[in-house]
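Hi everyone, thanks for making time. I'd like to walk you through one structure today, so let me put it on the screen.

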Amino acid sequence: MPFDGIGSWAPVALSSDLPPGTVIPAWTSVGPIALWRSQSGRATASSDRCPHRGMRLSHGFVRGEALSCIYHGWSYSLSGGCIRIPAHPDLVPPETIRVAVQQVEDAGGILWVAVGQPATQPPQLGEFTPLRSLTVETDVAAIEAAAGAEIDANSLIRLPELPWIALLLAPQEKHTLILLMIETDRGPADRLAASRIVESLRRAAEERQKESAR
């Protein structure tokens, strides 16, 4: 499966889904992550568990260049080290208190997270630009069946009769993330049509999944 193994890049969100000062949950094949962007605009993927009590950091908040846990406010830097413990404001946290971080690349309007140590940069999707993201409660096979096409080496499905539309797929723990892509020079009418088409495809894929489970 493309982008599903060690030494690869996983598409996890549109860049526009993560404005400065926000954090959202995301997922790669090595587990859940807290995907956040500092106030200065740098995107980071941190392990989604605070070392203190195990609270999900994706439920937390961003202040300046740090991600803070919503439970007791422990704060972590862009490199993963704990930099503040509110209950002990004069304490310099030990370097051993840290969360794992994964490399993030913001390329072509898509946020890519490194799984392991990729030997190359994220793929260039050239003529396509991202339009929107949506979650489908199915596996990749159901989406391929609904689209009438197979995923390629770049994790793209190109719709056979509408080659100006492509679906960038990212398998998640229990569902699939679709990043809807269209040719860069397409106008507002085509953008609206593409959005409607992918919604219909989502319904068809979810119906196929239900049927296969019966």
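I'll talk about a pocket and then about a sheet. Before that, please keep in mind that this is a predicted model.

Let's begin with the pocket. The largest one has a volume of about 230 Å³. Its lining is made of 16 residues, and the closest to the centre are Pro25, Ala26, Trp27, Gln172 and His175. For those of you thinking about chemistry, the lining splits into nine nonpolar residues, four polar ones and three charged ones.

Where does the largest pocket lie with respect to domain 1 and domain 2? Domain 1, residues 9-114, and domain 2, residues 128-213, both contribute to the lining, so the pocket lies between them.

Now, which strands are involved? At least two lining residues come from each of β1 (8-14), β2 (22-28) and β12 (128-136). Of the elements, β2 gives the most to this lining, with four residues.

That brings me to the sheet, and β2 turns up there too. We have an open sheet of four strands, paired antiparallel in the order β2-β3-β4-β9. Which strands sit at the edges? Those are β2 and β9, the latter covering residues 101-102, and each of them pairs on one side only. As a quick reminder, strands of a sheet pair through backbone hydrogen bonds, in either a parallel or an antiparallel way.

The partner of β2 is worth a look as well. Strand β3, residues 31-37, pairs with β2 in the antiparallel sense over seven bridges. Within that pairing, Trp27 stands opposite Pro32 of β3. And Trp27 is also among the residues closest to the centre of the largest pocket.

Thanks, and I'm happy to chat afterwards.

Key. Residues are numbered from 1 along each chain as its sequence is written. This is a predicted model: local features need pLDDT of at least 70, side-chain atom pairs count only at pLDDT 80 or more; totals for chains, interfaces and linings use all residues. Side-chain values use heavy atoms; hydrogens and water are left out. On a 1 Å grid over the protein atoms alone, a cavity is a set of points where a 1.4 Å probe fits but cannot get out, and a pocket is an open set with protein on both sides within 12 Å along at least five of seven lines; lining residues have an atom within 4 Å of a point. Grid points are joined across faces, edges and corners, and a volume is the space filled by probe spheres set on the points. Ala, Val, Leu, Ile, Met, Phe, Trp, Tyr, Cys and Pro count as nonpolar, Asp, Glu, Lys and Arg as charged, and the others, Gly among them, as polar. Domain bounds come from an automatic or database domain assignment. Two strands pair if DSSP finds at least two bridges between them.
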